[in-house]
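Grab a pencil and work through a few short exercises on the model below. Try each task before you read its solution.

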Amino acid sequence: MKIHQLLKARHANGEQRAMRTKEIVAITGMTQREVTKAVQREREKHFICATMSNGGGYYRPVHISEIEHYKNVQEKRIAMHAISLRLARRFIRKRNSNLQ
């Protein structure tokens, strides 16, 4: 069963009714990593939002505000990764220029 189908069947509609990751792992027999990868694949065609509250989990958004909140969280994460990458790139450039 696909994750989005499981969320629909379990009425995980809205963040307040999110299905905990541990519960998905128990039902599907997948590892937590496999659940994460499955969700990433399914997000190409289905809205699946995530929450970190109450142990973390996944849900189907009910309101546009939930999609906007999820989008904002993801954009902040991307920005934080970009900062980390900048430092790594700077370090590598400096190291490479010192080798020449």
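Here come four exercises, each with a worked solution.

A word on ground rules: this is a predicted model, where local features need pLDDT of at least 70, side-chain atom pairs count only at pLDDT 80 or more, and totals for chains, interfaces and linings use all residues. Residues are numbered from 1 along each chain as its sequence is written, and side-chain values use heavy atoms, with hydrogens and water left out.

**Exercise 1. Describe the overall layout of the protein.**

Step 1: count the elements, taking helices (H or I, at least four residues) and strands (E, at least two) as DSSP runs numbered from the N terminus. You get 4 helices and 3 strands.

Step 2: read along the sequence, and the order comes out as α-β-α-α-β-β-α.

Step 3: check the spread. The radius of gyration is 18 Å, well over the 13 Å from the globule rule for 100 residues, so the protein is more spread out than a compact globule. That radius is taken over C-alpha atoms, and the rule is 2.2 Å times the number of residues to the power 0.38.

Step 4: box the C-alpha atoms along the principal axes, which gives roughly 60 × 30 × 25 Å.

**Exercise 2. Find the largest nonpolar core.**

Step 1: settle what buried means: under 20% relative accessible area, with exposed over 50% and partly exposed in between (1.4 Å probe, protein chains only). Of the 100 residues, 23% make that cut.

Step 2: join buried Ala, Val, Leu, Ile, Met, Phe, Trp, Tyr and Cys residues through side-chain atoms within 4.5 Å. The largest such set has 11 residues, including Ile3, Met19, Ile48 and Tyr58.

Step 3: ask which elements give two or more residues to this core; they are helix H1 (3-9) and helix H3 (32-42).

**Exercise 3. Place Thr21 and list what it touches.**

Step 1: Thr21 sits in helix H2 (residues 21-28) and is buried, at 11% relative accessible area.

Step 2: leave out residues up to four places away in sequence and look for contacts (heavy atoms within 4.5 Å). Thr21 then touches Gln32, Gly56, Gly57 and Tyr58.

**Exercise 4. Do likewise for Gly57.**

Step 1: Gly57 belongs to strand E3 (residues 57-59); its relative accessibility is 4%, so Gly57 counts as buried.

Step 2: beyond four places in sequence, Gly57 touches Ala18, Met19, Arg20, Thr21, Cys49, Ala50 and Thr51.

Step 3: try a distance too. Glu42 is 15 residues from Gly57 in sequence, and their C-alpha atoms are 15 Å apart.
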